[in-house]
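I open this notebook to record what I looked up in the structure, beginning with a single residue and then turning to the chain as a whole.

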Amino acid sequence: RMTGTFFLRPPAWAPRDSVGITRNGESVPLRWGGLEKAYLMVPDVLPGDRLALTYPVPSFTQHFTPTSVPGREEPLAVRWAGNTVVGIEPHGQYLPMFTG
């Protein structure tokens with residue numbers, strides 16, 4: 001069976017002290033390497049091994065008043081988790097997205 005070294009790259013914005021990696025569900029010591037030491041190296045990976053890279057995802061609420069609808073002055077609150085919208089308030093009248 002062949003083994004190999006994998007290089008996994010967390011996002012550049014992820015705090016290094018909050019990054020983690022597991023192999024088959026068990027924590028692996030962090031070894032930074034590759035170009036500008038931007039990658040986590042996992043040596044001796046076997047076929048069937050499962051690697052998981054973890055890091056905190058920023059979440060925040062964005063407040064703004066859309067200008068795409070003439071006469072609309074009601075502000076919206078958009079909740080984000082990473083680059084995904086997970087909620088909008090107030091809910092839409094005709095298309096109530098993000099209600100769950």
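I looked up Pro29 first and found a relative accessible area of 63%. Exposed means over 50%, so Pro29 counts as exposed. I note that the model is predicted.

I then located Pro29 in the sequence of elements: the residue sits in the loop that runs between β3 (26–27) and β4 (32–33). I also checked its distance to Leu40, which is 11 residues away in sequence; the C-alpha atoms of Pro29 and Leu40 lie 9.6 Å apart.

Next I turned to secondary structure. I counted 9 strands and 0 helices in the protein chain, and the order along the sequence reads β-β-β-β-β-β-β-β-β.

For overall dimensions, I took the box filled by the C-alpha atoms along the principal axes, roughly 65 × 30 × 20 Å. The radius of gyration of the protein chain is 21 Å, whereas a compact globule of 100 residues would have one near 13 Å.

I went on to burial and contacts. Of the 100 residues in the protein chain, 17% are buried. Among contacts with a separation of 6 or more, 43% join residues 24 or more positions apart.

My last entries concern surface and charge. The protein chain exposes about 7600 Å², and 56% of this area comes from carbon and sulfur atoms. I recorded 9 positive and 8 negative side chains, with 9 Å between the centres of the two sets.

How values were computed:
Residues are numbered from 1 along each chain as its sequence is written. This is a predicted model: local features need pLDDT of at least 70, side-chain atom pairs count only at pLDDT 80 or more; totals for chains, interfaces and linings use all residues. Side-chain values use heavy atoms; hydrogens and water are left out. Helices (H or I, at least four residues) and strands (E, at least two) are DSSP runs, numbered from the N terminus. The radius of gyration is taken over C-alpha atoms; the globule rule is 2.2 Å times the number of residues to the power 0.38. Buried means under 20% relative accessible area, exposed over 50%, partly exposed in between (1.4 Å probe, protein chains only). Contact means heavy atoms within 4.5 Å. Accessible areas come from the Shrake-Rupley method with a 1.4 Å probe; for residues, only the protein chains shown count as cover. Lys and Arg count as positive and Asp and Glu as negative; His and the chain ends are not counted. The place of a charge is taken as NZ of Lys, CZ of Arg, CG of Asp or CD of Glu.
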